Amino acid sequence: MTLNRSAAITGISEIKPTPSADGKTTLGIWTDVSRQAVLDAGLSMSDIDGLLVAPPIVGMVAMWPAILGEYLNVHPKYEDVVDLGGASPAGMVWRAAAAIDAGLCKAVLCVSGEASDIDTFYARRSRKPTAQLPGREFDVPYGPMGVNSGYALIAARHMHEYGTTPRQLAKVAADQRTNANANPDALFYDTQLTVDDVLESPLIVDPLHLFEIVRPCTGGAAIVVTAPDVAKESQHTPAWLLGAGESSRGTLLSQVDDITTSPIAKSAPKAFEMAGVERKEIDLISAYDCYTITVVVTLEDAGFCEKGRGGPFVEEHDLTYQGDLPLNTHGGQLSFGQPGLAGGMSHLTEAVRQLQGRAGDRQLPDCELAFVNGNGGVMSEQVSLVLGVE
Amino acid sequence: MTHQNEYRKPLPVPSAVSQQFWAGLREREVRLPRCRQCEKFVFYPRTICPFCMGVEFDWVKVSGNGKVYSFTVVRRAMIPAFQEATPYVLALVELEEGPRLTTNIVNCDVGNVRVDMPVQATYDDVTAEITLLKFEPA
């Protein structure tokens with residue numbers, strides 16, 4: 001089975017992340033981005049017959065699709081919550097395409113985002129756990145710093161095995177900041193960041209410094225995935241799904257044989273094979289970046305460089321929108337912001353913008369093929385996509 | 001009892017499946033479940049063997065020796081009770097018998113921990129009921 005050209009992203013929307021909620025609610029944000037994405041696709045709510053929702057990190061609520069569907073007056077034939085952590089938005093794209101390909105629906109609205117800030121984020125961390133999960137029993141009593149320490153363990157092991165350096169990791173954050181400085185919607189649009197700034201910022205979980213770690217914020221994004229006949233009528237160039245692959249492992253690093261190799265080593269080859277596209281043909285890499293190490297591991301496991309050479313690779317290439325290897329041209333989550341799972345949708349919206357020629361000052365010349373990778377947990381869930389215009 | 005009242009970090013809640021592990025630590029032993037069918041050690045304890053789908057386990061005392069697979073120095077904690085303990089070392093330790101577990105490296109300056117460093121079990125009686133398994137340089 002292939003999903004190559006089975007559907008296209010024809011509408012996108014995103015609100016500028018803000019450090020705090022400022023009275024916004026998650027449902028309010030979802031409504032806002034849903035309306036804008038449907039309008040961007042040139043559709044109305046009555047055309048939407050599929051609805052996928054990425055659950056907010058803060059606050060547990062059952063039956064989100066029904067709640068949002070009621071609010072928008074959308075009554076889907078296909079609906080679900082896609083709960084793959086940061087990989088949820090990329091996971092929504094191929095699920096929507098598969099549902100469309102199966103004839104279940106024609107226009108799937110995919111929604112993410114939340115009202116969050118540092119206080120609500122910490123309140124969630126301190127909350128008494130309600131479920132008896134292995135991580136709660138065998139990890140939490142030893143004081144992990146959320147997922148931060150998990151990525152630190154990956155980075156430390158990567159440095160040990162491959163000689164990766166703090167300076168190489170810092171380069172990822174600095175290049176992405178240069179990109180954010182060309183994106184007025186980025187949380188850190190107005191602030192510069194050099195490699196030395198990153199290395200001089202406080203160590204939080206060795207070897208990761210403050211500016212190698214995402215911060216929680218408020219924001220949201222939505223996309224509309226449509227069937228080929230609908231896509232051909234859309235007002236913007238459709239961003240076709242050419243290939244998709246998904247792979248996962250558990251959420252506890254104690255259970256992972258080789259923590260420096262992620263399931264991207266399985267998901268990315270599937271996506272490229274389905275797309276019939278070579279790595280060297282890719283014009284934009286949109287790689288989930290909760291931490292700098294995530295990007296280095298992604299580049300290796302997706303096959304853009306040899307395993308273990310991610311450090312030298314990011315040092316040898318210019319990752320900015322003006323460079324030879326454009327990566328996360330919106331700034332990535334590290335500089336654009338991570339408004340809950342909408343952080344993972346930012347890699348998609350940026351890829352679509354670049355493919356459609358709507359990326360403003362940071363527009364790449366001749367951007368026809370994009371690789372998008374979504375990552376959830378501690379590199380636990382991986383969804384790789386190849387998108388293209390043609 | 002004073003010690004128990006003072007301990008404010010999250011505690012494990014032993015279950016029927018894991019009770020023998022925690023009971024072993026109280027008695028200064030690392031006991032792990034070993035699958036009766038494939039004879040592999042399994043950690044964390046669970047009701048199905050992840051290697052062969054076996055459902056019967058023997059609890060076996062292991063050496064308590066291992067090495068650091070990876071580690072981080074936590075300098076900023078999420079939970080207030082841990083903030084007071086910073087900086088501390090959170091590590092993945094690989095036991096001689098195979099399984100890895102999440103733990104702390106103690107009795108060692110945070111700057112002296114290294115990947116592959118040999119370590120041995122040490123037992124931290126954090127409350128009257130719970131002992132945590134930590135590791136120190138061997």
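This passage describes the fold of chain B, its contacts with chain A, and the sheet of chain A, all in a predicted model.

A good place to start is chain B, in which 3 helices and 7 strands are found. Followed along the sequence, these elements give the pattern α-α-β-β-β-α-β-β-β-β. The radius of gyration of chain B is 16 Å, close to the 14 Å that the globule rule gives for 138 residues, so chain B is as compact as a globular protein of that length. Along the principal axes, the C-alpha atoms of chain B occupy a box of roughly 45 × 35 × 25 Å. Buried residues make up 32% of the 138 residues of chain B. Turning to contacts within chain B, and taking those between residues at least 6 apart in sequence, 50% link residues that are at least 24 apart.

The two chains meet through 28 residues of chain A and 31 residues of chain B. On the chain A side, at least two residues each come from helix H4 (118-126), helix H5 (134-138), helix H6 (148-162) and strand E5 (203-205). Of these contributions to the side of chain A that touches chain B, the largest share is that of H6(A), with 6 residues. Sorted by class, this side of chain A contains 16 nonpolar, 7 polar and 5 charged residues.

Chain A also offers a sheet that is pleasant to trace. Its 9 strands are arranged as an open sheet in the order E3-E2-E4-E7-E1-E8-E11-E10-E9, with mixed pairing. At the edges are strand E3 (78-81) and strand E9 (284-287) of chain A, each of which pairs on one side only. From one strand to the next, the twist averages 20°.

Within this sheet, one pairing can be followed down to individual residues. Strand E8 (residues 239-248) and strand E11 (residues 381-388) of chain A run antiparallel and are joined by 8 bridges. One of the residues involved is A:Trp240, whose bridge partner in E11(A) is A:Gly388. The sheet also carries a helix: helix H1 (residues 26-40) of chain A packs on it and touches strand E1 (8-18), strand E4 (107-114) and strand E7 (218-226) of chain A. The direction of H1 in chain A makes about 140° with that of E1(A).

Methods. Residues are numbered from 1 along each chain as its sequence is written. Chains are lettered from A and ligands numbered from 1 in the order in which they are written. This is a predicted model: local features need pLDDT of at least 70, side-chain atom pairs count only at pLDDT 80 or more; totals for chains, interfaces and linings use all residues. Helices (H or I, at least four residues) and strands (E, at least two) are DSSP runs, numbered from the N terminus. The radius of gyration is taken over C-alpha atoms; the globule rule is 2.2 Å times the number of residues to the power 0.38. A residue is buried if 20 or more other C-beta atoms lie within 10 Å of its own, exposed if 12 or fewer, and partly exposed in between; C-beta atoms are placed from the backbone. Two residues are in contact if their C-beta atoms, placed from the backbone, lie within 7 Å. Ala, Val, Leu, Ile, Met, Phe, Trp, Tyr, Cys and Pro count as nonpolar, Asp, Glu, Lys and Arg as charged, and the others, Gly among them, as polar. Two strands pair if DSSP finds at least two bridges between them. Axes are lines fitted to C-alpha atoms, for helices over the stretch in contact, and angles run from 0 to 180 degrees between N-to-C directions.
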